[in-house]
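Colleague: Hi! Have you got a minute to walk me through this one?
Modeller: Sure, let me put it up and you can ask away.
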2 protein chains.
Amino acid sequence: MGRKIKTMEEFASLSGISRPTLSKFFNDAQSVKKSTRLKIEQAIEKYDYRPNFYAMNQNRRKTKNIGLVVPNLTDPFFAGIARKLEELIVLSGYNPLLLSSHGGPEQEIANLDSLRSIKPAGVLLAPLGRASNVQKLKDFSALVPTVLFDANVEGVGEAFFGSDNHQSIGLMVDYLARTGEPPKFFEMKDPINPNAYKRRAAYVSAMEKLGLEPELLQVKGDGWNFEEIGFASGRQIIQDSKYRGATILCSNDRLAIGLLSAAYESGLRVGHSAECDLRVAGHDDHPFSRYTCPSLTTIAQDYDAIGERSVSEMLKIIDGANGIAERSEELFEGRLVMRTSA
Amino acid sequence: MGRKIKTMEEFASLSGISRPTLSKFFNDAQSVKKSTRLKIEQAIEKYDYRPNFYAMNQNRRKTKNIGLVVPNLTDPFFAGIARKLEELIVLSGYNPLLLSSHGGPEQEIANLDSLRSIKPAGVLLAPLGRASNVQKLKDFSALVPTVLFDANVEGVGEAFFGSDNHQSIGLMVDYLARTGEPPKFFEMKDPINPNAYKRRAAYVSAMEKLGLEPELLQVKGDGWNFEEIGFASGRQIIQDSKYRGATILCSNDRLAIGLLSAAYESGLRVGHSAECDLRVAGHDDHPFSRYTCPSLTTIAQDYDAIGERSVSEMLKIIDGANGIAERSEELFEGRLVMRTSA
DNA sequence: TCTATAGATTTACACGCGTAAAAAAATTAT
DNA sequence: ATAATTTTTTTACGCGTGTAAATCTATAGA
């Protein structure tokens, strides 16, 4: 149809709709009468016009952008959650902006910084945890509506949604204790993730509740290369014959994947059947835990629920009368996934 | 200090630098004299000013944004490549915008569409391949400088950089044939990825070159859930006793991961030592291939090189006099990673 | 039919920065 | 020191849209 339309003015005269009405429409299609909405949509189709992104956002009170920051996209767990959240954001008529902190607190701050210049309507943040620069997170969340997910940081953001580690670890400990040797807890000595501390505490309390002696296998290791840590430390632990016949509950699946690899290498048989030398369980239902050898018994986090709740809370805050409601928190239950490793 | 600076005008009067000079600086810090650059940087530090992103990009000839589209962020291989590319883009003073197509051609087009409205200086695209809407890719690349990586689509983009499947598969076939039973090739019947076709052809030609009979194990399966496909099909294949003692080269590591899982389940011993029932090799050096049971012998793609070349070519095109140079292509050699599975 | 009202139009200005051109100042070369 | 060159300043306009206020128009309820 002739040449390309560049401005809304032009589009207005061609479509027979006034520019302010068009502006309203592009801001929120539902805010105009149905008949005009249809007329506009037809015209858009016909002339293939779309407003200039930059001019559009320059003077908007709130943009339609929502930031999405995860600690590490290389971790399939976060890649999965991010995908889910992106989908929900798009469905709500917003524009997701995905950023990964690559495991580093500087990158996390840099991400928030670059988001700030984009003036997002809100930000969904899964913080690094221990490594995070808490003060800067607070400063940020004071400026833009922020909802935390996966990992909590006290005093940051208007809401937090995550997994109920107490429930899920309790469930797993219970299952393991009922079906064989009670579990020892395999974890990093100084975890970066706040969930790890909760899981440790949950393990101890679950064991005590059952009248059993908790035993922590705390291994050294820095960074995000959990599989390697699980592998290297697991190798050492496994050599100790006192762990023959033991049950090992890992703080997360990635550690378990490393541990399973070490066990395989040592020729140990892992599984829940009688002739096995070891039982291993994990937590998170990592996409690959189905294909480990043997397949990994674990806890599936309900991240559909976490995602949906996070996004809906975000929208509520954005639309909201900015009534300084108190910080809301909700934890979702995990589900036991019984496979063959325990 | 005082209150927050909002406009460049204000920042100009406070810093004692004229606004056009500031504008130049923010566009390219190297374009102003060193002494003024330092003065500006100090003032930025002091007043914590940063230009309005939207106003800034509205009238710029070229923005500083570079789009980065990968087929599937859930695949750790692409997550890794994306991370590398992001890093290189930032280092070059540009702003990466990461989008995943989630395995779907509609999403791929939607991604390019939303990138178009951001008027990026260029786009680095790893296309879905067979599933891609080629015409729309062409239309897009006619409007925006586009560099393809990982997978090639003829006639799209100004350059392509990827792996030399011919070399890498040849290398692997050679290795496997020298060290035991020559390999059969395990792959999907109708792969989505163009590399898969090249690998198939490379396998056949490598076998023939050695005077050996190629044998293709083509299994059904759609989508991106390669592990599941490898697992389910692998299970069937393995039951057939004629594959006892065989060597199986998988078209990619994710298929191999599934196959290894199936082999484990069936009690088959996989590995290169004499007492094993099966040898399995992969391709890509997936982050987890180190922790499979047994660890996976595979080919490591040189994606540092692919990434660097892609970004540097992109920059050349962006800066370039737009001289309609011919489409450049370069393939990088893979490296044999010997582990225990073959 | 009249009126109340939601929705559309007209008019006009604002936003914050890019950029061009000419003049002035600072630096470098001769 | 002077001339040539580079860099900065001054001045001024444009970009495409948001938004406000007043006015007009369509729709619905009585």
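Colleague: Which element gives the largest share of the surface near DNA strand C?
Modeller: That would be α2(B), with 4 residues. Keep in mind that this is a predicted model.
Colleague: Noted. Which elements give two or more residues to that surface near DNA strand C?
Modeller: From chain A there is α2 (19–27), and from chain B there are α2 (19–27) and α4 (53–58).
Colleague: And which residues come nearest to DNA strand C?
Modeller: There are 26 residues around the strand, and the nearest are A:Ser18, A:Lys33, A:Thr36, B:Met8 and B:Ser23.
Colleague: How many residues of that surface are nonpolar, polar and charged?
Modeller: The surface near DNA strand C has 12 polar, 9 nonpolar and 5 charged residues.
Colleague: OK, switching to the protein chains. How many residues does each of chain A and chain B put into the contact?
Modeller: Chain A puts in 27 residues, and chain B puts in 27 residues. On the chain B side, α4, α5 (76–91), α10 (226–239) and α11 (253–265) each supply at least two. By class, that side of chain B has 16 nonpolar, 8 polar and 3 charged residues.
Colleague: Why do you say the copies meet through the same surface?
Modeller: Because 100% of the interface residues of chain B are interface residues in chain A as well.
Colleague: What rotation superposes chain B on chain A?
Modeller: A rotation of 180°, with 0.1 Å of shift along the axis, and the RMSD is 0.1 Å. The two copies are therefore related as by a two-fold rotation axis.
Colleague: Nice. Which C-alpha of chain B is nearest the axis?
Modeller: The one of B:Tyr54, which is 2.3 Å from the axis.
Colleague: Last topic, helix packing inside chain B. How do α5(B) and α12 (residues 303–319) cross?
Modeller: Their axes come within 9 Å and cross at roughly 40°, so α5(B) and α12(B) count as oblique to each other. The crossing of α5(B) past α12(B) is right-handed.
Colleague: Which residues meet there?
Modeller: On α5(B) they are B:Ile81, B:Lys84, B:Leu85, B:Leu88 and B:Ile89. They meet B:Tyr303, B:Asp304, B:Gly307, B:Glu308, B:Ser310 and B:Val311 of α12(B).
Colleague: And what classes do the residues of that contact of α5(B) with α12(B) divide into?
Modeller: There are 6 nonpolar, 3 charged and 2 polar residues in the contact of α5(B) with α12(B).
Colleague: Great, thanks for the tour!

Note on methods: Residues are numbered from 1 along each chain as its sequence is written. Chains are lettered from A and ligands numbered from 1 in the order in which they are written. This is a predicted model: local features need pLDDT of at least 70, side-chain atom pairs count only at pLDDT 80 or more; totals for chains, interfaces and linings use all residues. A residue is near a molecule or strand if its C-beta atom, placed from the backbone, lies within 6 Å of it. Ala, Val, Leu, Ile, Met, Phe, Trp, Tyr, Cys and Pro count as nonpolar, Asp, Glu, Lys and Arg as charged, and the others, Gly among them, as polar. Two residues are in contact if their C-beta atoms, placed from the backbone, lie within 7 Å. Copies are superposed by least squares on the C-alpha atoms of residues with pLDDT of at least 70 in both. Axes are lines fitted to C-alpha atoms, for helices over the stretch in contact, and angles run from 0 to 180 degrees between N-to-C directions. Angles under 35 degrees count as roughly parallel, over 145 as roughly antiparallel, 65 to 115 as roughly perpendicular and the rest as oblique. A crossing is left-handed if the near helix is turned anticlockwise from the far one by less than a right angle, and right-handed if clockwise.
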